[in-house]
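Dear colleague,

Please find the structure handed over below, followed by an account of what was found in it.

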Amino acid sequence: MSAEERFMCTACRAMLLKWQGQCPSCGEWGSVKETARPPRRAARLAAPPEPITRVETGRETRLATGFGEVDRVLGGGLVAGSAVLVGGDPGIGKSTLMTLLGHRLAAAGRTVLYVTGEESAAQVRLRAERLDALDERLLLLPETRLEGILAQIEAIRPAACIVDSIQTVHSPGLAGGPGTVAQVREAAGRLVGLAKAAGTALWLVGHVTKDGTLAGPRTLEHLVDVVLGFDGDRHHAFRLLRSAKNRFGAAGEVAVLEMGSRGLTEVANPSRLFLRDRHAEEPGSVIAPAFIGTRIFLVEIQALAVPAAQGPPRRIVSGLDPRRAQLVLAILERRGGFDLAGLDVYVNVVGGIEVEEPAADLPLALAIASALAERPVPADLVATGELGLMGEIRAVPRLDARLAETARLGFARALVPADPDGPPADAGRPPGLAVQPAADLTKALEVTGALA
Ligand code: TYD
Ligand code: MG
């Protein structure tokens, strides 16, 4: 079937080039009608396969949100027709972020539909005023009925539509009562489908429930292209927006934003922010250059060891993989000669950042050793390296990039894995940075002066 076949028999659905009184296919009289476009189903059925080499890739259209950091987390801008789920605790700043994003898109000449189901239009306007985020093209729709929202998307065909929040959307036509998992999932599915057809980038705001999952237990995550988590310590100003899933980019990417009196601003230099309140003279603190998504942050790893009260000693780990932390503790006992029995050990990464890579093993081991020995690690030193069970220090990916970031932030020394086959330690290193290779844990403890 081609684009020229604009006539269809309403009896047998045969497609024809021109109008005819009788359908040549089924013989029915007066059944041939002109169609605006061939039905998509027929088109899909008829499309022949083509060689992979001839498939047009045609890049997806990306909109800049006006927040460089958010664009990066999205994988290089907001994809037209895509669906993004933003989850976070109540009060963390989701509506603030959405208002600002909506405004920036509107200010760039796009029509944005902001569906508000939790707050009145007046409340949203007041927030936008405080944020200096008013624009004619930012349209407010106080609505919770699914049909009403769908009709407006259909009519306006906005470049972006924000639904704040998806949990408020309901429909008498759907199974289950308002707010139930079934309703939220069905409503989200219908919105995603229409947004895709209309080329509208859809933002669904969702509250995170106490157990940490989005309401509509994870099922919403399968419906959308991108899942973002918005969190941060409510007592601190900074917020982290991270991609848990992204069909158009890397998962695990993090944007750092700061909540101020004029809303959220981008933090240009997250490492500086995380290191701002460091107590370098205290034992138990080590700086690590770590990959967060595709970017390197310098993060502070902290450890504290105190005599255990009763029962089995506790290992409380946040910001790191607890199983790797267990491994590091075992290696410290066996290869470092530390006695951890009878001690509670607390481990933390400052700033609420999650470090998932094994390259954090060595700095973690040094932080714990420093806490146990009650001797601080030199303040101008960073460490990176994966620990093997024999206490050997293994290579980490992209050491050069880690060292460049270390030098940029003004640290003087880097403790790195010794590479017997590699170039001399100082070859191609950033000037002003002393690189100290260590083959195993014992050597690393010697260098840092954190020996037991
Ligand atoms: P909000 O965006 O309403 O959170 P959510 O939609 O996730 O529930 O923002 C919540 C908090 O942010 C609120 O307690 C006030 C604070 N806030 C600021 O600190 N600065 C601002 O400019 C704005 C608009 C809010
Ligand atoms: Mg809100």
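**Helix packing, cavity, pocket and backbone**

Helices H9 and H12 are roughly perpendicular to each other, because their axes cross at roughly 90°. The axes of H9, which covers residues 322-336, and H12 come within 10 Å. Please note that the model is a predicted one.

On the H9 side, the residues in this contact are Ile331, Leu332, Arg335 and Gly336, and they meet Leu441, Thr442 and Leu445 of H12. Sorted by class, the contact of H9 with H12 has four nonpolar, two polar and one charged residues.

H12 (residues 441-448) also packs against helix H10, which spans residues 361-373. Here the axes come within 11 Å and cross at roughly 55°, which makes H10 oblique to H12. The crossing of H10 and H12 is right-handed. Leu362, Ala365, Leu366 and Ala369 in H10 meet four residues of H12, namely Leu441, Ala444, Leu445 and Thr448. This contact of H10 with H12 has seven nonpolar residues, one polar and no charged. Leu441 and Leu445 of H12 thus appear in the contact with H9 and also in the contact with H10.

A further helix pair is H5 (residues 146-156) and H6 (residues 181-198), whose axes lie 10 Å apart at an angle of about 5°. H5 and H6 are therefore roughly parallel to each other. From H5, the residues Leu146, Ile149, Leu150, Ile153 and Glu154 take part, and they meet Ala187, Arg190, Leu191, Leu194 and Ala198 from H6. By class, there are eight nonpolar, no polar and two charged residues in the contact of H5 with H6.

Turning to enclosed space, how many cavities of 30 Å³ or more does the structure hold? There is one cavity of 30 Å³ or more, and the largest cavity contains about 60 Å³ of space. Its lining is made up of Leu320, Asp321, Arg324, Val355, Glu356, Glu357, Ala360, Asp361 and Leu364. Five of these lining residues are charged and four are nonpolar, with no polar residue in the lining of the largest cavity. Two of the helices described above contribute here: Arg324 falls within residues 322-336 of H9, while Asp361 and Leu364 fall within residues 361-373 of H10.

The largest pocket holds about 450 Å³ of space. Of the 26 residues that line this pocket, the closest to its centre are His236, Phe238, Val350, Gly351 and Gly352. Strand S12 (238-246), helix H8 (270-275), strand S16 (295-307) and strand S18 (343-349) are the elements that give two or more residues to the lining of the largest pocket. Which of the elements gives the most to this lining? Strand S12 does, with three residues. By class, the lining of the largest pocket has eight nonpolar, nine polar and nine charged residues.

Finally, two points concern the backbone. Asp164 and Ser165 are joined by a cis peptide bond, with omega of about 0°. Ser165 is located in the loop between strand S9 (160-164) and H6. Asp132 has a positive phi of about 55°, although it is not a glycine. Asp132 belongs to the loop between helix H4 (121-130) and strand S8 (138-142).

Yours sincerely

Methods: Residues numbered from 1 in each chain as written. Chains lettered and ligands numbered in written order. Predicted model: local features only at pLDDT ≥ 70, side-chain atom pairs only at ≥ 80, totals over all residues. Heavy atoms only, no water. Axes fitted to C-alpha atoms, helices over the stretch in contact; angles between N-to-C directions. Parallel < 35°, antiparallel > 145°, perpendicular 65-115°, else oblique. Contact = heavy atoms within 4.5 Å. Nonpolar A, V, L, I, M, F, W, Y, C, P; charged D, E, K, R; others polar. 1 Å grid on protein atoms, 1.4 Å probe; cavity = no way out; pocket = protein on both sides within 12 Å on 5 of 7 lines; lining within 4 Å. Points joined across faces, edges and corners; volume = space filled by probe spheres on them. Left-handed = near helix turned anticlockwise from the far one by under 90°.
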